[in-house]
Amino acid sequence: MSGRLPIPFVSQSDAASVAAWLQALRAAMPEEEILAFADLNEHQRAQCRLAIVANPDPVHLKQLPQLQWVHSVWAGVERLVADLGQSGLQITRLVDPRLAATMAEAVLAWTLYLHRDMPHYARQQQARQWQPLEYVLPEQRRVGILGLGALGQAAAGALRQARFPVMGWSRSARSVPGVQSYSGMDGLAQMLAQTDILVCLLPLTADTRGLLDATRLALLPPQAQLINFARGPIIDDAALRQVLDDGRVRHAVLDVFATEPLPPEAWPWSHPSVTVLPHCSAPTDSGTASAIVAANIRHYRQTGEIAANVDPGRGY
Ligand code: NAP
């Protein structure tokens, strides 16, 4: 648009992914000029105030000296907070009902996978073994969710509909209909002690890194199961391996890892009690995400208000 500076899309993703994002963002806000970071000229870099990002290279962001606002198209912003938290920049992360619905579907699918003993029956088939396990009602399988934010609350709703008793843990006390809510470290211990299937949907912050260590994993009832759809480093890797080796935790579904892609030599690939997923539980929908970014930018153009929703002090 004449008189307006172009908005860069800054990302370390591959060229095909950048091209797809540029197309979706341009379709959602035809009134704006959206350019790949590499296509900005010197003057545009010097003046740019707003950037749309997907895992940006911090070196590129430093080349935008007037930058005020960074809008991510991702929900998880731990790297942005680490790179920019002290800079005074306003940070917006993606909050998208479509993403929450996709995550809720994944949580329900993999909870049912554990609830109906699918890993066990897959092993029995390998051994040509015909041996039904005793059926457990969903009402008797208690699910604990770590994180009762946008994704945790959507997951809780899907699990409630499937008749699982649902508990949830958050930083501040939350009141979510039908969900037994806990907060604080005592609340965490209480919830873990009653959890048959633990679902992790926390952001990665200084407080949540290594949260599920040996001591906390030991609070789970014997034969509990675990799903991590948040970030790998929230669970202590060695402690997790130990409880799986011991059979104290029956099975873990892991979608996220400290290093992604998971290296070929990493232990989870071949552990009989682990299901490895390639960070696929809730992919961002570029269409709905771009519409949300567009609405926030239009609001900013009209009012000057920045829809920042990340508190660098809290880390999420
Ligand atoms: P959110 O709305 O910010 O919710 C975060 C929840 O975690 C809130 O309930 C928050 O408590 C709680 N929390 C944060 N720090 C805590 C602490 N120290 N102790 C206890 N509770 C704490 O985030 P979201 O949109 O639900 O997303 C959650 C995470 O999912 C993202 O950060 C991202 O890493 C991950 N994710 C993964 C995928 C995937 O494909 N695997 C896709 C999207 C997102 P309060 O309610 O008190 O604030």
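**Exercise 1. Find the salt bridge between the domains.**

The count between domain 1 and domain 2 is 1 salt bridge. Which side chains meet in a salt bridge?

*Solution.* Start with the test: a side-chain nitrogen of Lys or Arg must lie within 4 Å of a carboxyl oxygen of Asp or Glu. The side chains of Arg-231 and Glu-78 meet it, at 2.7 Å from N to O.

This is a predicted model: local features need pLDDT of at least 70, side-chain atom pairs count only at pLDDT 80 or more, and totals for chains, interfaces and linings use all residues. Residues are numbered from 1 along each chain as its sequence is written, and side-chain values use heavy atoms, with hydrogens and water left out.

**Exercise 2. Lay out the two domains.**

Into which domains is the chain divided?

*Solution.* Domain 1 spans 7-96 + 284-303, and domain 2 spans 99-276. The bounds come from an automatic or database domain assignment. Next, take the C-alpha centres: they lie 33 Å apart.

**Exercise 3. Describe the interface.**

How many residues of domain 1 are in contact with domain 2?

*Solution.* Count contacts (heavy atoms within 4.5 Å). In domain 1, 6 residues touch 5 residues of domain 2. Now turn to area. Buried area is the accessible area (1.4 Å probe) that two parts lose on being put together, summed over both. Here that is about 530 Å², with 55% from carbon and sulfur atoms. On the domain 1 side, Ala-75, Glu-78 and Asp-96 lose the most, together 65% of what that side buries.

**Exercise 4. Explain Cys-200.**

Why is the sulfur of Cys-200 without a bond to the closest cysteine sulfur?

*Solution.* A disulfide needs two cysteine sulfur atoms within 2.5 Å. The closest cysteine sulfur, in Cys-280, is 16 Å away from that of Cys-200, so it is too far for a bond. The structure holds 0 disulfides.
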